[in-house]
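Let's take a walk through a protein together. Have a look at the picture first, then read on.

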Amino acid sequence: LKAAKAHSPRDYALISFLESTGARRGGVASLKIEALNIKSPEPLCRRARVIEKGNKERTVILSDETITALKSWLNVRVSKSDFVFVSADGSPLDVNSISEIIDRYKKRLKICAPCSPHQWRHRWFRRMISAGMPLAQAAQLGGHESTNVTFQFYGQFAIDELQNAYDRFYK
């Protein structure tokens with residue numbers, strides 16, 4: 001995020017959107033300006049509609065930092081496209097372009113560990129669940145059809161987390 005913030009308003013807004021919403025890259029690629037509510041009053045300004053897997057629409061919640069990043073990007077964006085994230089020539093970014101942006105930062109920062117748009121999604125789920133968000137709420141916000149999917153991928157805590165929970169609750 002810091003590298004993108006220093007380099008490009010578009011990249012910073014894009015990565016911030018991934019980081020704060022847990023959206024899939026398809027949802028980010030298909031995000032249209034009309035799906036943002038950044039001019040609305042709180043809390044509506046922090047909601048956006050994305051269209052993702054299976055052409056399903058869902059609402060995502062944005063952080064204040066992401067709203068600021070989006071406003072900065074939209075203020076300098078030069079394109080007549082309805083899509084929020086566009087290339088230098090004004091054409092909408094596709095899912096591969098979003099992956100390429102992440103890959104460029106990964107290379108620039110010499111990151112060897114997995115770092116992809118989907119890793120940002122994994123990170124979002126782990127962060128929310130580790131902070132105590134109920135599984136059902138994480139599933140709904142993350143666009144999973146059932147809590148079983150969320151539990152299968154994100155509800156399995158590392159043994160250290162389980163031991164900490166045990167120590168906190170065992171009396």
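Here is a short tour, from the overall build to a few aromatic rings.

## The overall build

Keep in mind that this is a predicted model. The protein has nine helices and two strands. If you follow the chain, you meet them in the order α-α-α-β-β-α-α-α-α-α-α.

How big is it all? The C-alpha atoms fit a box of roughly 60 × 40 × 30 Å along the principal axes. The radius of gyration is 17 Å, which agrees with the value near 16 Å that a compact globule of 171 residues would have.

## Inside and outside

Of the 171 residues, 37% count as buried. Now take the contacts between residues at least 6 apart in sequence: 54% of them join residues at least 24 apart.

On the outside, the accessible surface comes to about 10,300 Å², and carbon and sulfur atoms account for 54% of that. As for charges, there are 27 positive and 17 negative ones, and their mean positions sit 2 Å apart.

## Rings that meet

The protein has three aromatic pairs. One of them is edge-to-face and joins phenylalanine 17 and phenylalanine 85, with 6.5 Å between the centres and 70 degrees between the planes. Phenylalanine 17 belongs to helix H2, while phenylalanine 85 is in the loop between helices H4 and H5, so this pair ties together parts that are 68 residues apart in sequence. Phenylalanine 17 is buried at 0% relative accessible area, and phenylalanine 85 is buried at 0% too.

Tryptophan 124 and phenylalanine 125 make another edge-to-face pair, at 5.0 Å centre to centre and 85 degrees between the planes. Both tryptophan 124 and phenylalanine 125 are buried.

Technical notes. Residues numbered from 1 in each chain as written. Predicted model: local features only at pLDDT ≥ 70, side-chain atom pairs only at ≥ 80, totals over all residues. Heavy atoms only, no water. Helix = DSSP H or I, 4+ residues; strand = E, 2+ residues; numbered from the N terminus. Rg over C-alpha atoms; globule rule 2.2 N^0.38 Å. Buried < 20%, exposed > 50% of the residue type's maximum accessible area, 1.4 Å probe, protein only. Contact = heavy atoms within 4.5 Å. Areas by Shrake-Rupley, 256 points an atom, 1.4 Å probe, with all protein chains shown as cover. Lys, Arg positive; Asp, Glu negative; His and termini not counted. Charge placed at Lys NZ, Arg CZ, Asp CG, Glu CD. Phe/Tyr/Trp six-rings, centres within 6.5 Å; stacked < 30°, edge-to-face > 60°.
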